[in-house]
Amino acid sequence: MPHLLHIESSPRKQRSASIEVARAFIDAWQAAHPDGTVDVLDVWSEAMPEFDGAALDAKYAGLTGTPLTDEQATAWAQIRALAARFQKADRLVISAPMWNYSIPYKLKHLIDVVSQKDLLFTFDERGQLGTLGHCKAMLVLARGVEVGDAPDALKSSEWDLQRQYLDLWLRMVGITEVGHIVVQKTLYGPEVDAGSRAEAAARARAMAATF
């Protein structure tokens, strides 16, 4: 039974292009996989521990083999519970708007919390090894302007820290099979925005069948 985890990172909800296209993808995926299950982790409503104080101390206690205090154990239990949702999934969808050519801080918060040794990665004499190699990922990325592979400066891929960072993080945790659905020009007026969303949603439905 396939299990899909959707990381939802836009606070705009019903107005969000990334959520709209991701839901089109997930609806089509569920139609193709009627036995599949879906877990939605909304970074704006999920209670995530601050990664400081007890949580940070728990991390380093674990690295050195030092017993955890009660406060550290409580903080680490929250982190393990969030990471378990990634470990359980064999399909991962991350929908994200582009903020300042990168990702929303709440999504970065989640990534920093769950990216811990012996949870989403480990390391030994061979180097760092991700633990999510069993999982496939789809990135649904929305941008207000056009950013990507093109000759002029703004469209150069060097501005696209949104996709570059998420691709790098997915490799870090062991996911090598990654698809991309990009919605561009959502700030170019209602007509262009609607057309971009419709085109991306159609691509999403087509891609979902083989995901």
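Reader: How much space lies in the second largest pocket?
Author: This is a predicted model, where local features need pLDDT of at least 70, side-chain atom pairs count only at pLDDT 80 or more, and totals for chains, interfaces and linings use all residues. Residues are numbered from 1 along each chain as its sequence is written, and side-chain values use heavy atoms, without hydrogens and water. A pocket is an open set of points on a 1 Å grid where a 1.4 Å probe fits, with protein on both sides within 12 Å along at least five of seven lines; lining residues have an atom within 4 Å of a point. The space in the second largest pocket, as filled by probe spheres set on the points, is about 240 Å³.

Reader: Which element gives the largest share of the lining of the second largest pocket?
Author: Helix 2 (53–64), helix 3 (70–88) and strand 4 (121–124) each supply at least two lining residues. Helices are DSSP runs (H or I, at least four residues), and strands are E runs of at least two. The largest share, 4 residues, comes from helix 2.

Reader: Which residues lie closest to the centre of the second largest pocket?
Author: This pocket is lined by 14 residues. The closest to its centre are Lys 59, Gly 62, Leu 63, Trp 76 and Lys 117.

Reader: What is the volume of the largest pocket?
Author: Its lining has 19 residues, with Pro 97, Met 98, Arg 143, Gly 144 and Thr 186 nearest the centre. Helix 1 and helix 6 each supply at least two residues of this lining. The volume is about 360 Å³.

Reader: How far apart are the axes of helix 1 and helix 6?
Author: Helix 1 covers residues 17–32, and helix 6 covers 190–208. They pack at an angle of about 30 degrees. Their axes, lines fitted to C-alpha atoms over the stretch in contact (heavy atoms within 4.5 Å), are apart by 8 Å.

Terms used:
Axes are lines fitted to C-alpha atoms, for helices over the stretch in contact, and angles run from 0 to 180 degrees between N-to-C directions.
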